Amino acid sequence: MKKRIETVNQINAPVDKVWSKVGPGTHMDKWMPIIATCSVDGNKRICTTPEGATLHETIEADAENKVFKYSIDKQDFMPISDIKGTITLKENGNQTIMHWDVDFEISEENEATFPEIKKNIEGIYQMAASSLSEFANA
């Protein structure tokens, strides 16, 4: 079953500073609390969690519109698949509004876990926005 989670968080930093941290895709381990390591080779990114889970991603950045897209091609972190995320940054004075949406498939047998998955993803994205505020201003 196809699912979508949409989040909006405020980042206490100007949009250009935030984009400089998000756009390259290389700094996830500095502002995403669940990422321990992050490496980028071309449009491929590999991230690991502190627990050792690995995410293999394809990334695409649109600097002009400040949109960062990714698809998680392979992961052993959550019981979901066909994961596609989009981070859109919008200027709001000296702050940034971060729209972070994710679409994915969840099997019928895992459908009952969706409310917990949604709550966890929303919490992770909120923590990431807070960390990104600090990292962008460093």
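**Reading a predicted fold: a dialogue**

A: Buried residues make up 42% of the 138 residues in this chain. The model under discussion is a predicted one.

Q: Which elements of secondary structure does the chain have, and what pattern do they follow along the sequence?

A: One begins by counting helices and strands. Here there are 3 helices and 7 strands. Read along the sequence, they follow the pattern β-α-α-β-β-β-β-β-β-α.

Q: What is the order of the strands in the sheet?

A: The order in a sheet is read from strand pairing. In this model, 7 strands form an open sheet with the order S1-S7-S6-S5-S4-S3-S2, and the pairing is antiparallel. Strand S1 (2-11) and strand S2 (37-41) are the edge strands, each pairing on one side only. From one strand to the next, the twist averages 20°.

Q: How many bridges join S4 and S5, and which residue stands opposite His56?

A: Strand S4 (residues 54-62) pairs with strand S5 (residues 67-75) in the antiparallel sense over 8 bridges. Opposite His56 stands Lys74 in S5. The hairpin of S4 and S5 has 4 residues between the strands, and Lys66 in this hairpin takes a positive phi near 55°.

Q: Where does S5 lead, and how many residues are in the hairpin?

A: A hairpin of 5 residues joins S5 to S6. Strand S6 (residues 81-92) and S5 pair in the antiparallel sense over 6 bridges. Within this pairing, Phe68 has Ile87 in S6 as its bridge partner.

Q: How many bridges does S1 form with S7, and which residue is the partner of Glu6?

A: S1 and strand S7 (residues 95-105) pair over 10 bridges, again in the antiparallel sense. The bridge partner of Glu6 is Asp101 in S7.

Q: Which strands do helices H1 and H3 meet?

A: A helix is placed by the strands that it meets and by its angle to one of them. Helix H3 (residues 114-137) packs on the sheet and touches S1, S5 and S7, with its direction at about 25° to that of S1. Helix H1 (residues 15-22) lies across S1, S4, S5, S6 and S7, running at about 155° to S6.

Q: Why may the chain be compared with a compact globule?

A: A compact globule of 138 residues would have a radius of gyration near 14 Å, and the chain agrees because its own value is 14 Å. Along the principal axes, its C-alpha trace spans about 45 × 30 × 25 Å.

Q: What share of contacts joins residues at least 24 apart?

A: Among contacts between residues at least 6 apart in sequence, the share is 50%. As for the surface, the accessible area of the chain comes to about 7400 Å², of which 48% belongs to carbon and sulfur atoms.

Notes
Residues numbered from 1 in each chain as written. Predicted model: local features only at pLDDT ≥ 70, side-chain atom pairs only at ≥ 80, totals over all residues. Heavy atoms only, no water. Pairing = 2+ DSSP bridges. Helix = DSSP H or I, 4+ residues; strand = E, 2+ residues; numbered from the N terminus. Axes fitted to C-alpha atoms, helices over the stretch in contact; angles between N-to-C directions. Contact = heavy atoms within 4.5 Å. Rg over C-alpha atoms; globule rule 2.2 N^0.38 Å. Buried < 20%, exposed > 50% of the residue type's maximum accessible area, 1.4 Å probe, protein only. Areas by Shrake-Rupley, 256 points an atom, 1.4 Å probe, with all protein chains shown as cover.
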